[in-house]
Amino acid sequence: MSALAPIAPGLWTDEAEPRLIGGRRADGEIVFPVPDGDAAALVEPVALSRKGALWSWTTQGFEPKEPYSGPQPFQPFLLGYVELPGEVIVETRIVDATPDDLIIGMPMEFAVVPFDDTRSTYAFRPERQP
Amino acid sequence: MSDDVYIIGAGIHPFGRTDGRSGRDQGVFAVREALADAGIAWSDVEFAYGGSAAAGSADIMVNELGLTSVPFINVANGCATGGSALTAAQNAIAAGACDIALAVGFDKHPRGAFNAKPADYGLPDWYGETGMMLTTQFFALKIQRYMALHGISRRTLGLVAEKAFRNGTLCDHAWRRSPVDLDTILNAPMVNDPLTKYMFCSPAEGAVALVLASARKVRELGADAVRIASVAFRTRPEGSFEVFAPSISVGGGGKPTEIASKAAFEMAGIGPEDVSVAQLQDTESGAEIMHMAENGFCADGEQEHWLAEGWSEIGGRLPVNTDGGCLACGEPIGASGLRQVYENTVQLRGRGGERQVPNDPKVGYSHVYGAPGLSAVAILER
């Protein structure tokens, strides 16, 4: 997986256990991703928690129109929001799960996963039981 | 009040698909219907506001309607285009700038879900590339959580759609004119869980025009008038959960619909219990359910009982989306919000025919909601 390039720079940290990078505003509120342009100067980058709770989820069963650029043929996927406690609720792909596995509030953990043959993206998966 | 504003004419071009007729021509059709309904000529219109999201500028309509030198302001405000035109027309009359104003909205969209470009919404390209920038996902994610928190069942989602198609069969401007049974709705292909194909509205075509007038003009014309008790248009507050949101605040926040609704009720000096008929934004089944609560008509979770008991049916305690709403009419963005006001005007004048709400409805409530987090509420009184 190390051969894959991140789908965009600055989304997650480059470390053994990568973390999403959010932006903390002066009022303490955290946003994701770190904004572009002039707004970037108004936030301080902050590495986010790798663990959170499922806030909501849905399925994507049909191929989105452009600018979607996923692998062909289209593979249905899951997506949702994960609440990182005290930080921010982030929208994310959900991997290693089926709709039947998903319960709002369940523990989730961060992962970097292949997006296509050349790129990686971020996702969350149900937390593995120890 | 001396600055009361009234609707004296309402016109609509049937919603759906009209091959061979441009969106703007559908707008011209609706304007002519509204003028005829008001019993006035185009040359009597002193100010005009209008627009579309995808079918061009409204002011070009003067080519067909007549070059009367009328000031015509184009409105381009996404899902709030119609609501913005109505707000502006009402303000022009209330301010005393004119006695007769027009608000018109029209549109014509290609088939299939709307596709948005990340840069237009200030979002990075990867958000679209990875397939997370779909409006349908937002609605599914919002109702999925709402159902878990407030005990709303999938069957209730289906009942909303079933009602919409049933009402559409009674409505001559609706697109979908055939009933769809509950099992078909529930077992249809899933678009985004928990919402199936029949629970989503589709982009469409159509146009609506409304002629507004001052109290003085209403008396002069002896018009069949409906009073605009209030119009409130609001954008999103801090922390609200809206379409195209890569992140949401953990602190939660307000909702543009709640804010617009509260303001509209306050201006009108009435409450939800006074409303006799309501048109609520139903981009999909779940939206109607959540908007029942966001607009103050019930508490979160009570919709389960409302739908089971048929309280939002045409004969129920609060009929909702009497013309089939977006689900049966489709959603031409520029016209959709004005369609709701059109339908309330029809209902308050008692001209609903087969879909007429019984017992002389006195108060009509309409609510439009759209990207990127805006809401407009209009309350009409008879």
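In this predicted model, Ile89(A) sits opposite Ile248(B), a residue of strand E9(B). The two chains meet here strand to strand: E9(B) and strand E7 of chain A (residues 88-94) run antiparallel and are joined by two bridges. Looking at the contact as a whole, chain A contributes 37 residues and chain B 27. On the chain B side, at least two residues each come from helix H4 (125-129), helix H5 (135-150), strand E5 (190-192) and strand E9 (247-248). Of the elements of chain B, H5(B) gives the most, with six residues. By character, this side of chain B divides into 13 nonpolar, nine polar and five charged residues.

Turning to the interior of chain B, helix H9 (residues 256-268) makes a helpful example. Its 13 residues reach 18 Å from the first C-alpha to the last, close to the 18 Å expected at 1.5 Å a residue. The buried residues of H9(B) are Pro256(B), Thr257(B), Ala260(B), Ser261(B), Ala264(B), Phe265(B) and Ala268(B). Viewed down the axis of H9(B), these residues fall within an arc of 150 degrees, so they line one face of the helix. Their cover includes two parts of chain B that are strands E11 (363-370) and E12 (374-381), together with strand E8 (226-235) and helix H10 (285-294). Just after H9(B) comes Gly269(B), with a positive phi near 70 degrees.

A second buried position in chain B is Thr87(B), in helix H3 (residues 81-94). Thr87(B) counts as buried because 21 other C-beta atoms lie within 10 Å, where 20 or more are required. Beyond its neighbours within four places in sequence, Thr87(B) is in contact with Val231(B) and Phe233(B). Tyr49(B) is 38 residues away along the chain, yet its C-alpha atom is separated from that of Thr87(B) by 9.5 Å.

Some backbone details also deserve a look, since most residues other than glycine have a negative phi, and most peptide bonds are trans. In chain B, Ser69(B) has a positive phi of about 70 degrees and lies in the loop between helix H2 (62-65) and strand E3 (72-74). Ser69(B) is exposed, with 8 other C-beta atoms within 10 Å. Asp360(B) likewise has a positive phi, near 45 degrees, in the loop between helix H13 (333-348) and E11; with 11 C-beta neighbours inside 10 Å, Asp360(B) is exposed. In chain A, the peptide bond from Phe32(A) to Pro33(A) is cis, with omega near -5 degrees, and another cis bond joins Gln72(A) to Pro73(A), with omega about -10 degrees.

Key: Residues are numbered from 1 along each chain as its sequence is written. Chains are lettered from A and ligands numbered from 1 in the order in which they are written. This is a predicted model: local features need pLDDT of at least 70, side-chain atom pairs count only at pLDDT 80 or more; totals for chains, interfaces and linings use all residues. Helices (H or I, at least four residues) and strands (E, at least two) are DSSP runs, numbered from the N terminus. A residue is buried if 20 or more other C-beta atoms lie within 10 Å of its own, exposed if 12 or fewer, and partly exposed in between; C-beta atoms are placed from the backbone. Two residues are in contact if their C-beta atoms, placed from the backbone, lie within 7 Å. Ala, Val, Leu, Ile, Met, Phe, Trp, Tyr, Cys and Pro count as nonpolar, Asp, Glu, Lys and Arg as charged, and the others, Gly among them, as polar. Two strands pair if DSSP finds at least two bridges between them. The expected span of a helix is 1.5 Å times one less than its number of residues. The arc is that of the directions from the helix axis to the C-beta atoms.
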